[in-house]
Structure formats: C-alpha cells, structure tokens
Amino acid sequence: EVSITKFPADERKIIAKAHDKYKKARAGIINTRHGQIHTPAFMPVGTKGTVKAMLPESVQTTGADIILGNTYHLMLQPGAKRVFKLGGLHKFMNWSKPLLTDSGGFQVMSLSKLRKITEEGVIFNSHIDGSKFMLSPESSTEIQYLLGSTITMAFDECTPYPSTYEQAKSSMELTSRWAKRSRKAFYSRDGYGQFGIIQGSIYNDLRLKSALDLIELDFEGYAIGGLAVGEGQELMFKVLDYAPDLLPINKPRYLMGVGKPADIIGAVQRGIDMFDCVIPTRSGRNGQAFTKYGVVNIRNSKYKEDNTPLEEDCLCPACKNYTKAYLHYLVKVKEILGAMLMTWHNLMYFQKLMLRIREYIAQGKDFDFIS
Ligand SMILES: CNc1nc2c(CCNCC3CCCCC3)c3nc(N)[nH]c(=O)c3cc2[nH]1
Ligand SMILES: [Zn+2]
C-alpha cells in the first residue's frame, strides 16, 4: 500500500548523526502515489505549470524527485476546474512524479493588487485582469485537489517580518483556525498528503503553540512558514535551532522558500528535509550560475573569451557542450537557449548538492563545508 509514510519509522531510516552538531540531520524516503522523494530534497519551482525554460524530462535528468506547482497562478489562468477537466496538472504539464502545491496565500500577498484578509479568507483582485477572487482554507484545498497535487499545503497566513509579538500571535492564531478548516476540507487518499504550516515569527512560545495546534490535526507532514521573509540567515537559523524539534520526528519537515546552498546546509543540520526556492531558476535566467568555485555572473565581460565550461566535471548540457564565452554571449543577447542552459546547470548543481548531503548523512560524515 503506497502512502505518504513519514519515514519508514520501523526501519528508523532516519540516521541520527554521530557528531552532535549534525544529530538532527536525517536522510529518508517519502513514499507517495507518484513515486518516492529522497530527502533532504530540493524542489524546483514550476510557477505556471512549467519549470521555466525546462522540459519536464530535462528537470527529471537533473535528479529532481518532486516539483512545485502554483495554486495562485493556475487558479487565475487557466483555472483549476479546467486543469481538472483536462486530466489534472500531472497530465497537463507531463510530469508524472510528485507535485507539491502551495496554498496560494503567500503569492496573493506578494503578487495581487487590492486584497482584504478576513476570517473567511483572502479576497483579492487578479493581477491579470483585476477580476475578484477569494482564497480560503476550503477553496485553496479544493483547488489543490482539482490540480491533483500529491502534497497539498494548508491555507495559512505568512506572518510578515518584522512583526510585534501581538501581531505575530494573532496571525499565528488565524493560521491555526485556517489549518483546522483546511484539514477538514482535505479529501484524504492513500499516497497523497497534506502538510500543515507553522507560524509564530521569531517568538519561540508562539512557534510552540502553532506546532501544538497543528500536531493535533495529524498532518502527513509539516512546513515551517514565516521564514526567508527578510529576517536574514542568522535570525532564521536561530528559529531553526528549536522549531524543527517541535514537530514530529517521523514526519517530513519542509522549510518554505529556502534557499541558497549555505541556507540549505544549515537548515539540514537543524533537521529540515524539504526545500523550495526560485533562486536556481530565476537567477539562472538572470545570468547567475552556481558552481563549486562560487557564483559566476556570466554577463561579466571577463567571460567573453573564456573557452572553458562552467564546471569541467558537470554533466549538464551547458558544461558538456558549451563554454562560458558562449553562455556569456547567449545571455547578453537574451537568446532563449541562454536561459535554458543556465537553468539546467543550476538545477543540476542544486540536485548534486542534495545528493552529496544525503550521501554524507548516510555515511555518517560531516557535511559542513560542501556548498
Ligand atoms: C522566499 N521565501 C519564502 N517563500 C515562502 C512561501 C512560498 C514558498 N514557495 C512557493 C512557490 C513560490 C513560487 C511559485 C510556486 C510556489 C510560503 N508559503 C506559505 N504558504 N507560507 C509561508 O509562510 C511561506 C513563507 C515563505 N518564505
Ligand atoms: Zn553544468
């Protein structure tokens, strides 16, 4: 029977670290209806039903087990009911592996114009044509069902940073009430799961209360929200020094919106299993390549006659068949192939990082220095 098992708890695949600094790092497998997810996992972002500039089969060759769909964009255009009628997002975008969709609240706050937060949900105007929409725990959960998400996120409010204690408290309490309604609206099926999202900003008692409220709802996994919202790495790690431990040890923990390689390594060391971030795709299109030598801004004129690959031992098409000079040229003249090759390399880089982290954990080795 395939289900979103947390980690094969009986086999305790969670490998507690010998070295006390890494005792919270763990490697595991999440079994879903659409295949396995090896954790720690990086999830590329597919904003409008596609990982920009990539074919799904290319995303697969980078090693990604799961990608993100986008509830906010897809509900506006082409509409969740239409995607459902067309066979669901997996079929629509030709991605047969796991799909995680965010609940949409975060995108509404960052993308839509006029919007109003009420107890019921968020009322907003589409950034496309200004028409009026409402996202609520019920409608968000239904939209994610219609899209066919493997992992559905509870509808939450991402508490802005900075927030006073009072602001963070009332925001977290709203998220707890919405989580209850999201859980009630979720149609549970084997191999599919719903994750709760804890809030509480930087206040540890609020983070604890949020975790207790959500643990009661027995989600298949838990996300830590309200981070990577401008607080900076130091403060984020301060919260991560305790927040993951508030969550059930045998269920997946997802840190939303993170992050750069160093952020990912630090968060894995603190017990996080899943990540999503637009950095490899968005910065790739903007000419930034992640390499073992650091970030290469390929538009820099020092590369215009550099006949060497980004990374001599990288197996991606950009490194196997092309030079920095060619990538420099393509990005400068805004050729589509430039976006494709830079994105492909960055996704490969992030997946290689996750693979090495999983290997180091499995071998009981420290993985502080890799990035
Ligand atoms: C970048 N930092 C950050 N992102 C957060 C996100 C979004 C995570 N990424 C979703 C994808 C974005 C691109 C399109 C597809 C969905 C957060 N989402 C929710 N629901 N709650 C957060 O507290 C929450 C907090 C976040 N912090
Ligand atoms: Zn490469």
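**Glu119 and its partner**

I began with Glu119, which at 42% relative accessibility counts as partly exposed in this predicted model. I looked up its partner and found that the side chains of Glu119 and Arg177 meet in a salt bridge, with N and O 2.8 Å apart. Arg177 belongs to helix α7 (residues 165-185) and Glu119 to the loop between β6 and β7, so the pair ties together parts that are 58 residues apart in sequence. For Arg177 I noted a relative accessibility of 38%, which again counts as partly exposed.

**The sheet with β6 and β7**

Since Glu119 sits in the loop between β6 and β7, I turned next to those strands. I found an open sheet of three strands in the order β6-β7-β8, with antiparallel pairing. Its edge strands are β6 (115-117) and β8 (132-135), each of which pairs on one side only. Neighbouring strands here are turned by 15 degrees against each other on average, with direction ignored. Following strand β7 (residues 122-125), I saw that its antiparallel pairing with β8 runs over four bridges, and that Phe124 stands opposite Phe133 of β8.

**Other salt bridges**

I then went through the remaining charged pairs; the count for the model comes to 16 salt bridges. One of them joins Lys24 and Asp245, whose closest N and O atoms are 2.9 Å apart. Lys24 lies in the segment before β1 (28-32), while Asp245 lies in the loop between α9 (233-240) and β12 (253-255), so this pair ties together parts that are 221 residues apart in sequence. I checked the accessibility of both partners: Lys24, at 22%, counts as partly exposed, and Asp245, at 41%, counts as partly exposed.

Another salt bridge that I looked up is formed by Lys292 and Glu312, with the closest N and O atoms 3.1 Å apart. Here Lys292 is in the loop between β14 (288-291) and β15 (294-297) and Glu312 in the loop between β15 and α12 (317-321), so parts 20 residues apart in sequence are tied together. The relative accessibility of Lys292 is 43%, which counts as partly exposed, whereas Glu312 at 51% counts as exposed. I also noted that salt bridges with shared partners join Glu120, Glu138 and Arg181 into one network.

**Ile298**

I stayed with the loop between β15 and α12, where Ile298 also lies. Is Ile298 buried or exposed? Its relative accessibility is 0%, so I entered Ile298 as buried. Leaving aside neighbours within four places in sequence, I listed the contacts of Ile298 as Gly287, Tyr303, Leu310, Lys324, Leu327, His328, Val331 and Met342. Ile298 and Ser283, 15 residues apart in sequence, have their C-alpha atoms 11 Å apart in space.

**The zinc ion (ligand 2)**

Which protein atoms are the donors of the zinc ion (ligand 2)? I found Cys314 (SG), Cys316 (SG), Cys319 (SG) and His345 (ND1), at 2.1 to 2.3 Å from the ion. The angles that these four donor atoms subtend around the zinc ion run from 102 to 113 degrees, which makes the arrangement tetrahedral. I wrote down the spacing of the donor residues in sequence as C-x1-C-x2-C-x25-H. On accessibility, I recorded Cys316 and Cys319 as buried.

**The parallel sheet and helix α14**

I next traced an open sheet of eight strands, in the order β3-β13-β12-β11-β10-β9-β5-β4, with parallel pairing. The edges of this sheet are β3 (41-43) and β4 (67-69), each pairing on one side only. Its neighbouring strands are turned by 25 degrees against each other on average, direction ignored. Within the sheet, I examined strand β10 (residues 193-198) and strand β11 (residues 221-224), which pair in the parallel sense over four bridges; the bridge partner of Gly196 in β11 is Tyr222. I then noted that α14 packs on the sheet, where it touches β3 and β13 (274-276), and that its direction makes about 160 degrees with that of β3.

My last entry concerns Gln351, a residue of helix α14 (residues 336-362). The relative accessible area of Gln351 is 5%, and because the cut-off for buried is under 20%, I entered this residue as buried. Apart from its neighbours within four places in sequence, Gln351 is in contact with Phe42, Pro44, Thr62, Gly63 and Ala64.

Key:
Residues numbered from 1 in each chain as written. Chains lettered and ligands numbered in written order. Predicted model: local features only at pLDDT ≥ 70, side-chain atom pairs only at ≥ 80, totals over all residues. Heavy atoms only, no water. Helix = DSSP H or I, 4+ residues; strand = E, 2+ residues; numbered from the N terminus. Buried < 20%, exposed > 50% of the residue type's maximum accessible area, 1.4 Å probe, protein only. Contact = heavy atoms within 4.5 Å. Pairing = 2+ DSSP bridges. Axes fitted to C-alpha atoms, helices over the stretch in contact; angles between N-to-C directions. Donors = N, O, S within 2.8 Å, 3.2 Å for Na, K, Ca; no water. Tetrahedral: all angles 85-135°; square planar, octahedral: opposite > 155°, others 65-115°. Salt bridge = Lys/Arg side-chain N within 4 Å of Asp/Glu carboxyl O.
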